[in-house]
Amino acid sequence: MSGAGPGSPGPAFFADPVVRAERIRKVFDGQDVLRGISLSVTRGELVSIIGPSGCGKSTFLRCLNFLEIPDSGSVSIADVTIARTSPRWTRADEDAAHRLRAHVGMVFQSFNLFPHRTVLDNVMLAPVRVKHVKPDIARADALALLDKVGLAAIATRYPDTLSGGQQQRAAIARALAMRPDVMLYDEPTSALDPELAEEVLSVMRALDAEGMTQIVVTHDMRFARAASDRVVFMDGGEIVEIDDPDTLYVAPKDARTRRFLRSML
Ligand SMILES: Nc1ncnc2c1ncn2[C@@H]1O[C@H](COP(=O)(O)OP(=O)(O)OP(=O)(O)O)[C@@H](O)[C@H]1O
């Protein structure tokens with residue numbers, strides 16, 4: 001939640017960690033993609049992760065909910081902790097990952113809506129099937145969420161009749177329907193024209209104002225600077241954390257990251 005000012009809850013509001021990743025490592029085909037990354041995100045924070053193409057941003061995000069399984073390290077989200085202590089991924093690990101994912105809403109670059117279902121069905125499906133919420137309650141909840149993202153009037157349409165921005169807002173509503181503790185976004189606006197991207201970003205800003213915890217992998221430096229509480233730069237499988245997104249201070253020793261940042265300003 002950015003812009004703490006007079007009357008805002010202040011730093012104590014951020015005291016409660018929702019996500020804690022410690023020493024996450026991931027090797028693909030002998031390539032050290034993540035070299036022991038740690039990141040804590042507290043309740044209500046909006047953290048943007050940026051960095052050069054191929055530096056491991058998506059891999060790190062996907063490790064947070066075990067869509068990608070880290071080789072070592074631990075992730076805690078809400079009350080679930082998974083520590084990788086052995087190279088084997090067991091049935092018990094998968095069960096724990098299932099419990100952890102129940103706390104996480106994930107939004108992908110490519111929307112990933114079910115094409116043969118209406119927008120409303122897309123949003124109410126998981127609460128009914130996974131959480132066994134009564135259909136009439138799930139429907140009312142889904143309509144409220146669609147209203148929040150500006151899509152209530154087109155709830156009965158199918159995804160292929162929607163703009164990309166509308167589809168992405170539907171995908172956000174679908175993720176929110178599971179009442180997550182944290183939302184993860186993997187380049188949510190990269191496939192969108194600037195105007196449609198702005199519709200999506202404004203939904204994310206509104207969620208931030210409500211206190212939702214959000215982690216966003218993005219190439220949108222303007223959004224990262226303007227809306228984030230923290231910008232985290234990744235490079236070479238490590239992170240360089242910037243406390244103040246306005247000044248974009250980067251440790252002087254990190255020349256490659258400085259060059260990357262200059263190219264984005
Ligand atoms: N499933 C996989 N198998 C093998 N290599 C992979 C896999 N996923 C990612 N990689 C490799 O890991 C590295 C990091 O990829 P990743 O997608 O995490 O980077 P990124 O920073 O998100 O890039 P971009 O900004 O271009 O999306 C790349 O070299 C990529 O080719």
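**Exercise 1. The largest nonpolar core**

Task: In this predicted model, find which residues of the largest nonpolar core touch the most other members, and state where the core lies relative to domains 1 and 2.

Solution: The core has 70 residues. Those that touch the most other members are Ile 49, Val 123, Leu 146, Ala 173, Leu 184 and Ile 215. Next, take the domains: domain 1 covers 1-103 + 181-265, and domain 2 covers 112-179. Both give residues to this core, so the core lies between them. Finally, take Ile 215 by itself. Leaving aside neighbours within four places in sequence, Ile 215 is in contact with Val 19, Val 41, Val 47, Ile 49, Leu 61, Val 182 and Leu 184.

**Exercise 2. The ligand shell**

Task: Determine which classes of residue form the shell around the ligand, and which element gives the largest share.

Solution: List the shell: Phe 28, Asp 29, Val 33, Gly 51, Ser 53, Gly 54, Cys 55, Gly 56, Lys 57, Ser 58 and Thr 59. Sorted by class, the shell has six polar, three nonpolar and two charged residues. Helix α1 (residues 57-64) supplies the largest share, three residues.

**Exercise 3. Two arginines with positive phi**

Task: Locate Arg 23 and Arg 179, and decide whether each is buried, exposed or partly exposed.

Solution: Most residues other than glycine have a negative phi. Arg 23 has a phi near 50° and lies in strand β1 (residues 17-28). Arg 23 has 15 C-beta neighbours inside 10 Å, so it counts as partly exposed. Arg 179 has a phi of about 55° and sits in the loop between α5 (164-176) and β7 (182-186). With 13 other C-beta atoms within 10 Å, Arg 179 is also partly exposed.

Note on methods: Residues numbered from 1 in each chain as written. Predicted model: local features only at pLDDT ≥ 70, side-chain atom pairs only at ≥ 80, totals over all residues. Core = buried A, V, L, I, M, F, W, Y, C linked by C-beta atoms within 7 Å. Buried ≥ 20, exposed ≤ 12 C-beta atoms within 10 Å, placed from the backbone. Domains from an automatic or database assignment. Contact = placed C-beta atoms within 7 Å. Near = placed C-beta within 6 Å. Helix = DSSP H or I, 4+ residues; strand = E, 2+ residues; numbered from the N terminus. Nonpolar A, V, L, I, M, F, W, Y, C, P; charged D, E, K, R; others polar.
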